[in-house]
2 protein chains.
Amino acid sequence: MSYKHSKQREVIQSFLTGRKDHPTADTIYAGVREVIPNISLGTVYRNLQLLVDLGEIQKINVGDGVDHFDADVSMHHHFHCRICGCVSDVRIKALPFDLKDQLIDFDGEVETQTLYFEGVCSACKALKQSV
Amino acid sequence: MSYKHSKQREVIQSFLTGRKDHPTADTIYAGVREVIPNISLGTVYRNLQLLVDLGEIQKINVGDGVDHFDADVSMHHHFHCRICGCVSDVRIKALPFDLKDQLIDFDGEVETQTLYFEGVCSACKALKQSV
DNA sequence: AATAAAAGTAGTAATCATTACTGGTTTATC
DNA sequence: GATAAACCAGTAATGATTACTACTTTTATT
């Protein structure tokens, strides 16, 4: 059986599960407030971190200085649009090897690797061309 | 001929060039203060960004919430130690293709890609084993 | 050189994301 | 139903970064 979540945590998690973009704590806060109007931003942060620690969601970093969250914890990568700031999933063809095994002369222990892309998303690209 | 840098900018850049780790603005500030004791932290940030915009240095992100800077602008990747927080260069065997060309069903425009590794550096690993 | 314009600076205040704290409330346990 | 543990709202604090302001240095122009 699964860990019992508080009402707040449950709403936070299901809000996140319902979205394919990768909202920030602030966006999640705004969304969850529609359901629990007096929830506190600190509660959102605390529960997001707790869910990350439990492995139920993941925190993603695309170099924009803000943490994004993703209910999909399966291995995949992200794209960050430098125009609108949106973050989307990208799938990559399976590589014939693990990137961390391609390192040269490295003596430490690699535990995780992060790969993300940046540029202009298709929506912004279309917008640019229509002007 | 190259762009004329102010004294402050020159010292910041040469401080960075002299190091193989990847200091944060704060560390650079401390180092540069040994040469220009009354330099301001804002000046450090402003000039670092300016040098980034000129392409003379690069800003690197390893997911620790702080910007690191690197005088080496050639293509390479980084490793971040979750124990001591140090950031070091890693070299990777040349891939037989460009990662961004491996994306599936992606309609946007990829301009940059970031790949970094995280784990335990060799120094921390040695320390752990000696305890 | 004298001077006007531009670029740059130190110092400080403000911002933004995130974390910590505090006192009260809910939930689980005996 | 008492007692302890988990959790919360609200607020304060923190840390990195950026913005602002008034002053100084550099550059260009006469």
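These numbered points go through a predicted model of protein chains A and B with DNA strand C.

1. Symmetry of the two copies. Chain A superposes on chain B with an RMSD of 0.1 Å after a rotation of 180 degrees, and the shift along the rotation axis is 0.0 Å. The two copies are therefore related as by a two-fold rotation axis. Within chain A, the C-alpha nearest that axis belongs to A:Leu115, at 2.2 Å. Both copies use the same surface for their contact, since 100% of the contact residues of chain A recur in chain B.

2. The shared sheet. Eight strands make up an open sheet with mixed pairing. Their order is β5(A)-β4(B)-β3(B)-β6(B)-β6(A)-β3(A)-β4(A)-β5(B). The edges are taken by β5 of chain A and β5 of chain B; each has a single partner strand, so one side of each has no neighbour in the sheet. In general, strands of a sheet pair through backbone hydrogen bonds, in either the parallel or the antiparallel sense.

3. The junction between chains. Strands β6(A) and β6(B) run antiparallel and are joined by 11 bridges. One of the pairings sets A:Val120 against its bridge partner B:Glu109 in β6(B).

4. Strand β3 of chain B. This strand covers residues 77-81 and is mostly covered, five of its five residues being buried. B:His77, B:Phe79 and B:Cys81 point one way, B:His78 and B:His80 point the other way, and all are buried. The burial therefore applies to residues on both sides of the strand, each with under 20% relative accessible area.

5. Partners of β3(B). On one hand, β3(B) runs antiparallel to strand β4 (residues 87-92) of chain B, with four bridges joining them. B:His78 has B:Asp89 as its bridge partner in β4(B). The hairpin of β3(B) and β4(B) has five residues between the strands, and B:Gly85 there takes a positive phi near 80 degrees. On the other hand, β3(B) pairs with β6(B) in the parallel sense over four bridges. In this pairing, B:Cys81 stands opposite B:Gly119 of β6(B).

6. A:Cys86. This residue sits in the loop between β3 (77-81) and β4 (87-92) of chain A. Is A:Cys86 buried or exposed? A:Cys86 counts as partly exposed, with a relative accessibility of 29%. Setting aside neighbours within four places in sequence, A:Cys86 is in contact with A:Phe79, A:His80, A:Cys81 and A:Cys121. A:Cys86 and A:Ile28 are 58 residues apart in sequence, and their C-alpha atoms are 15 Å apart in space.

7. Positive phi at Asp105. Most residues other than glycine have a negative phi. A:Asp105 has a phi near 55 degrees, a positive value in a residue other than glycine. A:Asp105 lies in the loop between β5 (103-104) and β6 (109-120) of chain A, and A:Asp105 is exposed, with a relative accessible area of 68%. In chain B, the phi of B:Asp105 is likewise positive, near 55 degrees. B:Asp105 is in the loop between β5 (103-104) and β6 (109-120) of chain B and is exposed at a relative accessible area of 69%.

8. Surroundings of DNA strand C. Which residues are closest to DNA strand C? They are A:Tyr45, B:Ser6, B:Arg9, B:Thr43 and B:Arg46, out of 15 residues that surround the strand. By class, the residues of this surface divide into five nonpolar, six polar and four charged. Of the DNA strand C atoms within 4 Å of the protein, 76% belong to sugar or phosphate, and the rest to bases.

9. Phosphate contacts and contributing elements. An N or O atom in the side chain of B:Ser6 is 2.5 Å from a phosphate oxygen of DNA strand C. For B:Arg46, the distance from a polar side-chain atom to a phosphate oxygen of the strand is 2.6 Å. An N or O atom in the side chain of B:Asn47 is 3.4 Å from a phosphate oxygen of DNA strand C. Elements giving two or more residues to the surface near the strand are α3 (41-53) of chain A, and α1 (7-17) and α3 (41-53) of chain B. Of these, α3(B) gives the most, with three residues.

Terms used
Residues numbered from 1 in each chain as written. Chains lettered and ligands numbered in written order. Predicted model: local features only at pLDDT ≥ 70, side-chain atom pairs only at ≥ 80, totals over all residues. Heavy atoms only, no water. Least-squares fit on C-alpha atoms with pLDDT ≥ 70 in both. Contact = heavy atoms within 4.5 Å. Near = heavy atom within 4 Å. Polar contact = N/O pair within 3.5 Å; in protein donor to acceptor, adjacent residues only side chain to side chain. Nonpolar A, V, L, I, M, F, W, Y, C, P; charged D, E, K, R; others polar. Buried < 20%, exposed > 50% of the residue type's maximum accessible area, 1.4 Å probe, protein only. Pairing = 2+ DSSP bridges.
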